[in-house]
Amino acid sequence: MYAIVENGSKQYKAEVGSVIKFEKLDANVGDKVELKVLLVEDAGKVMVADEVKNYKAVGEVLEQGKDKKIVVYKYKPKKNERKKQGHRQPFTAVKILEISAAE
């Protein structure tokens with residue numbers, strides 16, 4: 001069983017026990033977060049739209065951190081114009097605990 005969950009206009013494949021790196025969430029380590037479910041696949045049966053409106057995915061925040069550094073280098077040839085920047089994207093690691101229909 002897996003579900004497609006949405007967070008911050010991005011979609012992720014979530015299975016029970018999997019750890020997903022979301023863009024930074026406003027939650028502390030150990031908090032439970034509820035994610036919006038868009039699609040559920042269970043034993044070969046795929047459910048979408050109104051069929052999954054009562055489903056929810058619950059996860060536990062494992063870590064708040066920053067990804068590896070990405071180097072951004074811009075230059076214009078023959079103009080002696082160079083610019084080097086670095087960026088580390090913040091993330092939240094969430095372990096999926098359950099995917100179930102809400103009562």
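Which residues, leaving aside its neighbours within four places in sequence, is Thr 92 in contact with? In this predicted model, the list consists of Ile 20, Lys 21, Phe 22, Glu 23, Lys 24, Leu 25, Val 61, Glu 63 and Gln 64.

**Thr 92 and its surroundings**

Thr 92 is placed in strand S9, which covers residues 90-101, and with a relative accessible area of 0% the residue is buried. Two polar contacts of its side chain can be described individually. The side chain of Thr 92 comes to 2.9 Å from the backbone nitrogen of Leu 25, and a polar contact of 2.7 Å connects the side chains of Thr 92 and Gln 64. Both partners, Leu 25 and Gln 64, also appear among the residues that Thr 92 contacts.

**The nonpolar core**

In soluble globular proteins, nonpolar side chains tend to be buried together. Here the largest nonpolar core comprises 20 residues, and Val 5, Phe 22, Val 37, Val 40, Val 94 and Ile 96 are those with the most contacts inside it. At least two residues of this core come from each of the strands S1 (2-7), S2 (10-15), S3 (19-23), S4 (32-42), S6 (55-66) and S9, while S4 gives the most, with four residues.

Val 5 offers a view of the surroundings of one of these core residues: apart from neighbours within four places in sequence, Val 5 is in contact with Lys 10, Gln 11, Tyr 12, Ala 14, Phe 22, Leu 35, Lys 36, Val 37 and Ala 57. Two of the residues on that list, Phe 22 and Val 37, are likewise named among the core residues with the most contacts inside it. Phe 22 is also one of the residues in contact with Thr 92, and Lys 10, another contact of Val 5, takes part in a salt bridge described below.

**Salt bridges**

The count of salt bridges in the model comes to four, and the table sets out three pairs, including the N to O distance and the relative accessibility of each partner.

| Pair | N to O distance | Relative accessibility of each partner |
|---|---|---|
| Lys 10 and Glu 23 | 2.5 Å | Lys 10: 38%; Glu 23: 35% |
| Lys 21 and Asp 67 | 2.9 Å | Lys 21: 46%; Asp 67: 29% |
| Glu 81 and Lys 76 | 4.0 Å | Glu 81: 42%; Lys 76: 47% |

Lys 10 and Glu 23 form a salt bridge in which the closest N and O atoms are 2.5 Å apart; because Lys 10 belongs to strand S2 and Glu 23 to strand S3, the pair ties together parts that are 13 residues apart in sequence. Glu 23 is partly exposed, and Glu 23 is also found among the contacts of the buried Thr 92.

The side chains of Lys 21 and Asp 67 meet in a second salt bridge, at 2.9 Å from N to O, and this pair links distant parts of the chain, with Lys 21 in strand S3 and Asp 67 in the loop between S6 and S7, 46 residues apart. Lys 21 counts as partly exposed, as does Asp 67, and Lys 21 is another residue in contact with Thr 92. In the pair formed by the side chains of Glu 81 and Lys 76, Glu 81 is partly exposed and Lys 76 is partly exposed as well.

**Surface and loops**

Val 71, Tyr 73 and Tyr 75 make up a nonpolar patch on the surface, and together they have about 350 Å² of accessible area. Within this patch, Tyr 73 lies in strand S7, residues 70-76, and counts as partly exposed at 47% relative accessibility.

Two loop residues have a positive phi although neither is a glycine. Ser 9, in the loop between S1 and S2, has a phi of about 60° and is exposed at 67% relative accessibility. Lys 78, in the loop between S7 and strand S8 (81-87), has a phi of about 65° and is exposed at 86% relative accessibility.

Glu 51 lies in the loop between strand S5 (45-48) and S6 and is partly exposed, at 42% relative accessibility. The C-alpha atom of Glu 51 is separated by 8.9 Å from that of Val 40, eleven residues away along the chain, and Val 40 is one of the residues with the most contacts inside the largest nonpolar core.

Methods:
Residues are numbered from 1 along each chain as its sequence is written. This is a predicted model: local features need pLDDT of at least 70, side-chain atom pairs count only at pLDDT 80 or more; totals for chains, interfaces and linings use all residues. Side-chain values use heavy atoms; hydrogens and water are left out. Buried means under 20% relative accessible area, exposed over 50%, partly exposed in between (1.4 Å probe, protein chains only). A polar contact is a pair of N or O atoms within 3.5 Å; within protein, one must be able to donate a hydrogen and the other to accept it, and residues adjacent in sequence count only if both atoms are side-chain atoms. Contact means heavy atoms within 4.5 Å. A nonpolar core is a set of buried Ala, Val, Leu, Ile, Met, Phe, Trp, Tyr and Cys residues joined through side-chain atoms within 4.5 Å. Patches are made of residues with over 30% relative accessible area and no salt bridge: like charges are joined within 9 Å, nonpolar side chains (Val, Leu, Ile, Met, Phe, Trp, Tyr) within 5 Å. Accessible areas come from the Shrake-Rupley method with a 1.4 Å probe; for residues, only the protein chains shown count as cover.
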